[in-house]
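These are my notebook entries on the aromatic rings of one protein model. I looked up which rings pair, how they are oriented and how accessible they are.

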Amino acid sequence: MSALSDRPANPVVGQTIPHESAGLHVTGQALYTDDLTVRTHGVLHAHPVQAPHAHARITRMDTEPALAVEGVVRVLTKADVPGVNDAGVKHDEPLFPDEVMFYGHAVAWVLGETLEAARLGALAVEVDYDPLPALVNVKEAIAAERFQGATPRMERGDIDAGFAAAAHVFSGEFEFAGQEHFYLETHCSLAMVDESGQIFVQSSTQHPSETQDIVAHVMGIPSHEVTVQCLRMGGGFGGKEMQPHGFAAIAAIGATLTGRPVRLRLNRTQDLTMSGKRHGFHAQWRVGFNASGRLQALDATLTADGGWSLDLSEPVLARALCHIDNAYWVPNVRVNGRIAQTNKTSQTAFRGFGGPQGMLVMEDILGRCAPLLGLDAMELRRRNFYREGQSTPYGQPVKDADRMGTCWDQVTKTGEVERRRNQIATFNASHPTSRRALAMTPVKFGISFNLTAFNQAGALVHVYKDGSVLITHGGTEMGQGLHTKMLQVAATALGVPLSTVRLAPTRTDKVPNTSATAASSGADLNGGAVKNACEQIVDRLRGVASSILGVHPSDVRFSDGTVTSVGGGQVIPWGDLVNKAYFQRIQLWAAGFYRTEGLHWDSSVMHGSPFKYFSYGVAAAEVEVDGFTGAYRLRRVDIVHDVGDSLSPLLDIGQVEGAFVQGAGWLTLEDLRWDESDRPSRGRLATQAASTYKLPSFSEMPEVFNVALLERAHEEGAVYGSKAVGEPPLMLAFSVREALRQAAAAFGPAGISVDLASPATPEAVYWAVAEARRASEHGHVTEGGTGVVPDQSTADLRPAHPRSEQATNAATAGV
């Protein structure tokens, strides 16, 4: 085993312990950024002036009426920016715009003694607009050829030869929605300036270093004059990776100009209408299978709905392309990507970061094509799994490919899949108004940032004279348990009880130049850095202990707060050894560093090995659909997921459960709607509250929910043999959508392939059921609302139901 993955005897990692802040969470004592406001004297409150147009040019702005409102202190405009008026890393996001790019775009900010004063002041600001044409969906942008950013292409093999040799060729179109993060804590920043003019920002951010960079950029000062701290976040899910920076910059400008602390916290409606979401995608595809149902060729174009600016759309698109294969070997591939520019919020990172969108395209293809091939969907998927020795379309060998089959077989066995499928067949035969179905889907997800440079981390570990330990690392805590795992890593590496170690908040003046806590790499990167710092300290202490114990330093052992030699004998308490080291002038602190080795990636040709490893998982979901309404129940879910040797099993199981439910929400419930009419409200987000945007709740939880972590899954070269867990389980929810498809199809004749929108709301399921019933009435099998037609014919593809523009239809043919 590598030194990084090797676990000592009796490690603290691997123990089942609760989240380090669980008690604070449930008692309401955990502090978040906005809680600091009441502890800060003289705080001013910021409120946005939001534009009532999706696209418009600002022709006049008068802030004087706002200054006449009691309690208003200042109105911030473009003229107040001391540095660069831009909050984006791509320099395409003016902090104070001249041209409104989405409905609700902030054009100015009002500072008031109270939030109510700031709100009334914002209403008093007079702004004249010249409305401009607005594109509010991806199809409009495609038709207008309005794109932004890179246009990557990923290729392997000979696509034309692949289709020529295929026994069956199908083609289709698929459009699916994005997703709102809906974290419990909305965006929030609290900025203040000290006596020397240095800016301190408390921010709910997944990327403190980049928040620091953007604040410095906007203020026109070097980064060392800005410190950013993140106590913890009340959820992030990717929505706080890039989007907090501009809000922090607004607060910093206000604090600098007024000399008072400035608090900027969005209310829920503002957060929904001003911040980005998961990218919706449009896909056109053509796929070929051989006579036995093995994939032969895939030609696809993926168009991401980027919103008004680039944000992270380019890397999101790149990861979508890199994950369109999911768990399946496709010898001949050509996938093109592009980013549509629409007049909506700038879409951003969201758990999975493009991976779910790419994988959904493949799972939709297989789910739709399986009946047309005369194959069971489970068998079609299993038949096309990667095998050892095969590589992805971008050239990375698929290491441990056999784990996919292991997970699949374990779910099949422990979930009693065959027995339950027989029961489902019996149920369906005797219940004319409802249908059940069970679907299984796999996940193969690459772990690391696609951009190699981001795969680095730092940590600072202090050992005090009494033996107590304080650690700081570059990762941020958003409820996922990263801090808990880092405490376990430090305790294991130092050989001390968990109670000996405390963790300090993430700050840019403690650990600089950090990467975002994203890409499921937080524990891998920061765990490596914490372990490195601890090992430096332990190595220094070995010399002190060896002289006391009379053994070679390599024979000294640290465990559970004591220090001994290999053969036993004298025992030195950890605190005593640390104290002796201090008096010998031994350095008792260390800065740790880690970078992921073995990565290489050429984005210009979409080729290389961008990922440290792949995480695997399989889910089986059983649903029951009501044929009258399309309403459904998620009866049971069985999951086996690969997290390597878990650092913290209780947290990892919780992450698997939470990710699955969030994925099910994206695919079946959460229906983002923008006003696409020609009224003045065009481009307005219609689902801007929990009353109109449906989130998963207890009623949507599976009635039976079984989650198991794959055993004997040690990952060589990763911290203590563990694997990432944050994002991969979200895609296990594909099983729910595919089960709904199969249940809807069960209302029709055998062999029917139905179109299903995404999200598969009860309304969408109802239309799928209606489509299946029409096929029964007509006495023949249809697909996508059309007859089986030659692949080259796409003229009579027509909507199967009103929402099919989000789901699409497929032209299909056996060649």
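**Entries on aromatic contacts**

I began with accessibility, and I note that the model is predicted. Tyr-394 has a relative accessible area of 0% and is therefore buried. I then looked up Trp-601, which at 19% relative accessibility also counts as buried, because the cut-off is under 20%.

I next searched the whole structure for aromatic pairs and obtained 18. Tyr-394 and Trp-601 make up one of these pairs, with 6.0 Å from centre to centre and 85 degrees between the planes, an edge-to-face arrangement. I checked where the two residues lie: Tyr-394 is in the loop between helix 11 (377-383) and helix 12 (402-414), and Trp-601 belongs to strand 26 (residues 600-602). The pair thus links distant parts of the chain, 207 residues apart.

I turned to Tyr-582 and Phe-583, whose ring centres are 5.1 Å apart. Their planes stand at 75 degrees, so I recorded this pair as edge-to-face, the cut-off being over 60 degrees. Are these two rings buried or exposed? I found Tyr-582 partly exposed, at a relative accessible area of 39%, and Phe-583 exposed, at 62%.

I also looked for clusters of rings. I noted that one aromatic cluster is formed by Phe-174, Phe-176, Phe-281 and Trp-666.

Last, I looked up charges placed over rings. Which residue lies over the face of Tyr-183? I found Lys-240 there, at 4.5 Å from the ring centre. I recorded a further case at Phe-747, where the charged end of Arg-435 sits over the ring, 4.8 Å from its centre.

Methods: Residues are numbered from 1 along each chain as its sequence is written. This is a predicted model: local features need pLDDT of at least 70, side-chain atom pairs count only at pLDDT 80 or more; totals for chains, interfaces and linings use all residues. Side-chain values use heavy atoms; hydrogens and water are left out. Rings of Phe, Tyr and Trp (its six-membered ring) pair if their centres lie within 6.5 Å; planes under 30 degrees apart count as stacked, over 60 as edge-to-face and the rest as tilted. Helices (H or I, at least four residues) and strands (E, at least two) are DSSP runs, numbered from the N terminus. Buried means under 20% relative accessible area, exposed over 50%, partly exposed in between (1.4 Å probe, protein chains only). A charge sits over a ring if NZ of Lys or CZ of Arg is within 6 Å of the ring centre and within 35 degrees of the ring normal.
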